[in-house]
Amino acid sequence: MSVQYQITGSAASEIAASIESGVRSGQLAPGRTLPPVRKLAADLGVAAGTVASAYRRLRERGVVETGGRAGTFIRQRSAFTPTGTLTVPSGVLDLVSGEPDPDLLPDLAALKPRVDIVHGNYRDGGPCPDLLDLARDRFAADGVHGELTVTSGALDAFERGLAARLEPGDTVAVEEPTWSNGRDLLLTAGYQVAPVAIDGEGPLPGELEAALAAGAKAFILTSRGQNPTGAAVTAERAAALRGVVARHPGVFVIEDDHWAELSQTPLHFVADAADRWMFVRSTSKPYGPDLRCALVAADPDTKARVQGRMAIGHGWVSCILQHFVIAAWTDDIVQERVATAGRVYAERQGALREALAARGIETWGRAGLNLWVPVADETAAVVGLRDAGFAVAPGRAYSFHGHQGIRISTTRLDPRLAEAVADAVAQSSGPASPPI
């Protein structure tokens, strides 16, 4: 605990607010351990139960974590944590960020002459009918049918869908390892999370069965290009997961297909095995992160709740953005560029996957921008790779149970460097068993 920051308060709400203030200002940094309950209670002159209640509130809001003997510590990311900009040291190759390669994104400026940019009005704002028609055809080609709407990206869709179906405090089953942004959103919104272990073919049916039987009211899965592992749901796994979902009436299923247009593997749809479901396909990966738009298919009631809540809030996704998506989807040059990007990403990921396999290191990635490598000591692996000239992400940011691993982003990896990266991985830390 930094001596420059003193936690204050006599009530649980005041103590929690004081800690949040320290996190927000950066004086209580991510990973910082908070005082034990009894010590802080003695320092503040309050009952131990008051401090315990404050810590519980902070856990429910996703500000802190409790790690057994490690105590209570500030989460790596929460709604109150300053994010800043990722800095990779000079001379070190960025294999950590996981962003789309700017060189593979289409030129949106070239689409401007085809974009209908007019002044709209509050009365007529909402999903553009032409965009919904295009999305309906694209979804149908993948076997996805439902009522359609538009949100400001995938996380916006998740948040709105869960708010339409769940209450704060409800439990959501999520993949383990998982996409850290999605998990942090859930915790900050007050939901409990239940990890469901995965392998290269997607979530394990037995793990999902256990989570739903224990009371999870929603389940979020990734169709293809799962972050951080690169896993993709197979036909056999999808059938098994659909069976589990069907045995639990009332569960709400959200399926994230962010890699759709870039994928070299087919979609095996799961979500509509539930009566309440949502399928989300964002445009950020193929067209760029600034195109904050996602097409959503859902059961009629969920779609109505999501769109209705948007109507009385921020209203709708900018029609200018929606018309950019229409222009991109109907431009042959853009579509060919996206197809080329998908092949390039697959080549880059495949080169490293094969190089690692040749050294006895198995990974799961079959799609997306990342590979997950279980290791015996992730700190040693991260440091060793950095010293070898490669920056990778430690697995603790993606794991509920602290499984040791590293996430390697292959976004901009020259396939000719795959052998060198694989050598560095093999030398930096002994491999461990996958976390299943």
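Here are some questions and answers about how features of this predicted model earn their names.

Q: Why are H4 and H11 called oblique to each other?
A: The axes of helix H4 (residues 129-141) and helix H11 (residues 319-329) cross at roughly 45°. Angles under 35 degrees count as roughly parallel and 65 to 115 as roughly perpendicular, with the rest oblique once those over 145 are set aside as roughly antiparallel. H4 and H11 are therefore oblique. H4 passes H11 in a left-handed crossing.

Q: What makes H4 and H11 a pair in contact, and which residues meet?
A: Their axes come within 9 Å. From H4, Asp130, Leu131, Leu134, Ala135 and Arg138 take part, and they meet Gln322, Val325, Ile326 and Trp329 of H11. Contact here means heavy atoms within 4.5 Å. By class, this contact has 6 nonpolar, 1 polar and 2 charged residues.

Q: How do you know that H12 is oblique to H14?
A: Take the angle again: the axes of helix H12 (residues 332-357) and H14 cross at roughly 45°, and they come within 8 Å. That crossing makes H12 oblique to H14. The handedness is right-handed for H12 passing H14.

Q: Which residues of H12 and H14 meet, and how does their contact divide by class?
A: Ala351, Leu352, Ala355 and Leu356 of H12 meet Ala418, Glu419, Val421, Ala422 and Val425 of H14. This contact has 8 nonpolar, no polar and 1 charged residues.

Q: What makes S4 and S7 edge strands of their sheet?
A: The sheet is open and has 8 strands, in the order S4-S11-S10-S9-S8-S5-S6-S7, with mixed pairing. Strand S4 (147-151) and strand S7 (202-203) each pair on one side only, and they are the edge strands.

Q: How do you know that S4 pairs with S11?
A: Pairing needs at least two bridges between the strands. S4 and strand S11 (residues 294-298) have 5 bridges, in the antiparallel sense. Across this pairing, Thr149 stands opposite Val296 in S11.

Q: Why do S12 and S14 each have one side without a neighbour in the sheet?
A: This open sheet of 3 strands has the order S12-S15-S14, with antiparallel pairing. Strand S12 (370-374) and strand S14 (393-394) stand at the edges with a single partner strand each, so one side of each is left without a neighbour in the sheet. S12 and S15 run antiparallel and are joined by 5 bridges, and Asn370 stands opposite Ser409 in S15. H12 lies across S12 and S15, running at about 20° to S12.

Q: What makes Arg412 and Asp101 a salt bridge?
A: The closest N and O atoms of Arg412 and Asp101 are 3.4 Å apart. The cut-off is within 4 Å, so a pair at that distance counts as a salt bridge. Arg412 is in the loop between strand S15 (405-409) and helix H14 (418-428), while Asp101 is in the loop between strand S3 (93-94) and H4. The pair is 311 residues apart and links distant parts of the chain. Across the whole structure, the search finds 26 salt bridges.

Q: What is omega at the cis peptide bonds leading to Pro177 and Pro228?
A: From Glu176 to Pro177, omega is near 0°. Between Asn227 and Pro228, omega is about 25°. Pro177 lies in the loop between strand S5 (171-176) and helix H6 (180-188), and Pro228 in the loop between strand S8 (218-222) and helix H8 (235-246). As background, most peptide bonds are trans.

Terms used
Residues are numbered from 1 along each chain as its sequence is written. This is a predicted model: local features need pLDDT of at least 70, side-chain atom pairs count only at pLDDT 80 or more; totals for chains, interfaces and linings use all residues. Side-chain values use heavy atoms; hydrogens and water are left out. Helices (H or I, at least four residues) and strands (E, at least two) are DSSP runs, numbered from the N terminus. Axes are lines fitted to C-alpha atoms, for helices over the stretch in contact, and angles run from 0 to 180 degrees between N-to-C directions. A crossing is left-handed if the near helix is turned anticlockwise from the far one by less than a right angle, and right-handed if clockwise. Ala, Val, Leu, Ile, Met, Phe, Trp, Tyr, Cys and Pro count as nonpolar, Asp, Glu, Lys and Arg as charged, and the others, Gly among them, as polar. A salt bridge is a side-chain nitrogen of Lys or Arg within 4 Å of a carboxyl oxygen of Asp or Glu.
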